[in-house]
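The following exercises are to be solved with the sequence and the coordinates side by side. Each task is followed by a solution in steps.

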Amino acid sequence: MASDTHMTEALSAMLQKGETLMYPIFGTVTQGEIQLFAYFAFTETHFLIAYLTSGDRITGTERI
């Protein structure tokens, strides 16, 4: 299971200058029949997603 420290570090690495990490949570994303683990958080202007393997390695990120 992912740790809070790992989640905070992964999401903080996605921040741009002046942004604040808000409301980080761990969850899943379902794409068709595929289910992926992910970290989610907001900044003042973006929604952040960091996708994980089952071993907690970051496999991709999105800033929406």
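Two strands count as paired if DSSP finds at least two bridges between them. The model examined here is predicted.

**Exercise 1. Determine the strand order of the sheet and identify its edges.**

Step 1. Begin with the pair S1 and S2, which is antiparallel and has 8 bridges. Within this pair, Met22 lies opposite Phe42 of S2. The two strands make a hairpin with 2 residues between them, and Gly32 in the turn has a positive phi of about 65 degrees.

Step 2. Continue with S2 and S3, which are antiparallel over 6 bridges. Here Phe40 has Ile49 in S3 as its bridge partner. This hairpin has 4 residues between its strands.

Step 3. Finish with S3, residues 47-52, which is joined to S4 by 5 bridges in the antiparallel sense. Two of the residue pairings can be named: Tyr51 has Gly60 in S4 as bridge partner, and Ala50 has Thr61 in S4. The hairpin of S3 and S4 has 5 residues between the strands, and Asp56 in this hairpin adopts a positive phi near 70 degrees.

Step 4. Put the pairs together: the 4 strands form an open antiparallel sheet in the order S1-S2-S3-S4. Strand S1 (22-31) and strand S4 (58-63) each have a single partner strand, so they are the edges, and one side of each is left without a neighbour in the sheet. On average, neighbouring strands are turned by 25 degrees against each other, direction ignored.

**Exercise 2. State which strands helix H1 touches and which residues make up the largest nonpolar core.**

Step 1. Helix H1 (residues 4-12) packs on the sheet and touches S1, strand S2 (34-42), S3 and S4. The directions of H1 and S2 make an angle of about 75 degrees.

Step 2. The largest nonpolar core has 9 residues, namely Met7, Ala10, Leu11, Met14, Tyr39, Ala41, Leu48, Ala50 and Leu52. At least two residues of this core come from each of H1, S2 and S3.

Step 3. Apart from this core lies another, of 5 residues, including Val29, Ala38, Ile49 and Tyr51.

Step 4. Consider Met14, a member of the 9-residue core. Leaving aside neighbours within four places in sequence, Met14 is in contact with Glu19, Leu48, Ile49, Ala50, Thr61, Glu62 and Arg63.

**Exercise 3. Locate the salt bridge and classify the accessibility of Arg63 and Glu19.**

Step 1. The structure holds 1 salt bridge. Arg63 and Glu19 form it, and their closest N and O atoms are 2.9 Å apart. This lies inside the 4 Å limit for such a pair.

Step 2. Arg63 belongs to strand S4, while Glu19 belongs to the loop between H1 and S1; the pair thus links distant parts of the chain, 44 residues apart.

Step 3. Buried means under 20% relative accessible area, and partly exposed covers the range from there to 50%. Glu19 is at 15% relative accessibility and therefore counts as buried. Arg63 is at 28% and therefore counts as partly exposed.

**Exercise 4. Classify the ring pairs that involve Phe47 as stacked or tilted.**

Step 1. The structure holds 4 aromatic pairs. Planes under 30 degrees apart count as stacked and those over 60 as edge-to-face, with the rest tilted.

Step 2. In the pair Phe40 and Phe47, the ring centres are 5.9 Å apart and the planes stand at 10 degrees, so this pair is stacked. Phe40 is buried, with a relative accessible area of 12%, whereas Phe47 is partly exposed at 25%.

Step 3. In the pair Phe42 and Phe47, the centres are 5.1 Å apart and the planes make 40 degrees, and this pair is tilted. Phe42 has a relative accessible area of 42% and is partly exposed.

Step 4. Ring pairs also link Phe26, Phe37 and Tyr39 into a cluster. Tyr39 is, in addition, one of the residues of the largest nonpolar core.

How values were computed:
Residues numbered from 1 in each chain as written. Predicted model: local features only at pLDDT ≥ 70, side-chain atom pairs only at ≥ 80, totals over all residues. Heavy atoms only, no water. Axes fitted to C-alpha atoms, helices over the stretch in contact; angles between N-to-C directions. Contact = heavy atoms within 4.5 Å. Salt bridge = Lys/Arg side-chain N within 4 Å of Asp/Glu carboxyl O. Buried < 20%, exposed > 50% of the residue type's maximum accessible area, 1.4 Å probe, protein only. Phe/Tyr/Trp six-rings, centres within 6.5 Å; stacked < 30°, edge-to-face > 60°. Core = buried A, V, L, I, M, F, W, Y, C linked by side-chain atoms within 4.5 Å.
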